[in-house]
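Q: Could you walk me through this one? I'd like to start with pockets and then move on to sheets and salt bridges.

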Amino acid sequence: MLTTRLTNARFLTMDPDRPVARELGIWRDRIVGLDEEVARLPARRVVDLQGATVLPGFIDSHVHLAWTGLKAVTPSVAPCDSVEDVLAAVAEAVLSTPEGGWTNLAGYDQRGLGRHLTAAELDRVSAGRKVYLLHDSGHGCMVNTAVLDRLPADIAHDQGFLAEGAMGAARALRLPYAQQELAEAIGRAARTCLSEGVTGCAEAGIGGALFGHTPVELGAYQLAREQGGLPLRVQLMVSADRLRPVAAHEADGIPRALDLGLRTGFGDEMLSVGALKVYTDGGMMARTAALTAPYQGLDHAGQLQEEPEDLARTIVDGHLGGWQLAVHAIGDRAVDVALDAIERAQRIRPRPDARHRIEHAGLVRPDQLPRFARLGVAAVVQPNFLRHFGDDYAEIMGEERAPWLYRGKGFLDHGIRLVGSSDRPVADGSPLRAVQFMVERASLSGRAIGPDEGITVEQALRAYTVDGAHACHWEDSAGSLTAGRRADLVVLGDDPTRVDASRIGGIDVVATFVGGRETEEDAL
């Protein structure tokens, strides 16, 4: 007997052996079969989907759940239209901050202001509180003098703007968050993911100086699960700065590790440890992504997080320790550093199925594409970055480099696995709106950005299903509607392969199934 039969729908299975079906059977949390394989089996529940389209649940391979959930309840200075507007928002938030406490705000972005604020300007409205404005990119913050005075004297800043490692030093002054607060934030963000058809995601870096929220952050995800607040599948990337030297047996060849040798693959189908997250550079919004040539109109080319050799040592040590690597590399200089180190690591100890990934791959030169392919490295991109920020990114890259931004077709033409993700809350998390951009390559203003990098709808959907599953080592249990796979499904109000591309982002998510059960928010 089936637990559930879903009928009267167009199932886009993402399985080339059986691409389309009309009926699907579920037993407990698994897909039993399609059409004639299940038509005569009795079912406890039959759901008529009334002609809807069903796809495998979307996989968002790079998100920040805790940050997303915290941002949703944090006072914001967005939109940053004028310096005075920002200062007014800070002054209002200060009123509810205890004397001597921290006033934390989100939504800071200097681009709308034409310049950064200054610590002196924040001092005028901070009433002695410590003020911390997180940059929307997550790669910088604006602070007042009360924070600067608590930082080591050698921390570099631009009149109160702290980037990358300097930002990490400021974050360290106010850590940690309580596990219960994080668990609630994680659940809040997870429910938003579900509403957009996402049934599994990879949390892009816990426990680290840049994006970590507490030294015991993994415990917050366990707590969320124990309390019923983790309604989708989560794979946790661990920040590489959590590695430490270990005295393992010489035969193991492991120079650095987490305690007890924890590495990629530990956990179960709901919560597991994924890749080791290595940060090589910053971000384009903050102008800290490391480029080989300066930003258009600026006199600098961004920055690496550390010296190239130090970054390479971390990448090699992670590989030797048995980790899958998720290397944050946005600028083309950072991509060079990442590819060089991965090649060195594979030469020392070949691991053909390591499935190393470059996160973002924001600016990739034509000569770098064959190296991705040769090393078997996946590109984990965020199409909605260009949808929202593409006008700005194209300007700062210039005419020659703009077509290299967040590529699509270029990766696929070279046989490189293209994996879709959002990096929420940095950008819109909707997979359908990202799919639309991958096809159209148009920003919200209508500007075409690298139109030759456009791909087909089917290829874009694959980036959020089949290839997302492969990047997370879930290919045997997710990514396609195939017998034996988990019954993780998204029900859509229209077929993205049959509507005009301009309509894909607006298709309704009617329901999301995780393990054969509809989520409470949209139960049929």
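A: Before the pocket itself, a definition: on a 1 Å grid over the protein atoms alone, a pocket is an open set of points with protein on both sides within 12 Å along at least five of seven lines, and its lining residues have an atom within 4 Å of a point. Please keep in mind that this is a predicted model.

Q: OK, so which residues lie nearest the centre of the largest pocket?
A: Those are Thr-74, Asn-104, Leu-105, Arg-174 and Tyr-177, out of 25 residues that line the largest pocket, whose volume is about 480 Å³.

Q: And which element gives the most to that lining?
A: Strand 9 does, with 5 residues, while helix 1 (65–71), strand 9 (102–108), strand 10 (130–135) and helix 5 (165–174) each supply at least two residues.

Q: Switching to sheets: what is the strand order in the open sheet of 6 strands?
A: The order is 3-2-7-22-23-24, and the pairing is mixed. Strand 3 (20–21) and strand 24 (517–518) stand at the edges with a single partner strand each, so one side of each has no neighbour in the sheet.

Q: How do strand 7 and strand 22 pair?
A: Strand 7 (residues 53–56) and strand 22 (residues 489–492) are antiparallel and are joined over 4 bridges, with Val-54 having Val-491 as its bridge partner in strand 22.

Q: What about the hairpin of strand 4 and strand 5, how many residues are between the strands?
A: There are 2 residues between them, and Arg-28 in this hairpin takes a positive phi near 55°. Strand 4 (residues 24–27) and strand 5 (residues 30–34) run antiparallel with 4 bridges, and Leu-24 stands opposite Leu-34.

Q: Is Val-32 in strand 5 buried or partly exposed?
A: Val-32, which is in strand 5, is partly exposed, because its relative accessible area is 35%. Together with Trp-27 and Leu-41, Val-32 makes a nonpolar surface patch of about 220 Å².

Q: Last topic: how many salt bridges does the structure hold?
A: It holds 42 salt bridges, and one of them joins the side chains of Arg-256 and Asp-317 at 2.8 Å, N to O. Arg-256 lies in strand 16 (residues 256–257) and Asp-317 in helix 8 (residues 308–320), so the pair ties together parts that are 61 residues apart in sequence.

Q: Are those two partners buried or exposed?
A: Arg-256 and Asp-317 are both buried. In the salt bridge of Arg-111 with Asp-109, where the closest N and O atoms are 2.7 Å apart, Arg-111 is partly exposed at 24% relative accessibility, whereas Asp-109 counts as buried at 12%.

Key
Residues numbered from 1 in each chain as written. Predicted model: local features only at pLDDT ≥ 70, side-chain atom pairs only at ≥ 80, totals over all residues. Heavy atoms only, no water. Pairing = 2+ DSSP bridges. Patch = residues over 30% accessible without salt bridge, like charges linked within 9 Å, V, L, I, M, F, W, Y side chains within 5 Å. Areas by Shrake-Rupley, 256 points an atom, 1.4 Å probe, with all protein chains shown as cover. Salt bridge = Lys/Arg side-chain N within 4 Å of Asp/Glu carboxyl O. Buried < 20%, exposed > 50% of the residue type's maximum accessible area, 1.4 Å probe, protein only. 1 Å grid on protein atoms, 1.4 Å probe; cavity = no way out; pocket = protein on both sides within 12 Å on 5 of 7 lines; lining within 4 Å. Points joined across faces, edges and corners; volume = space filled by probe spheres on them.
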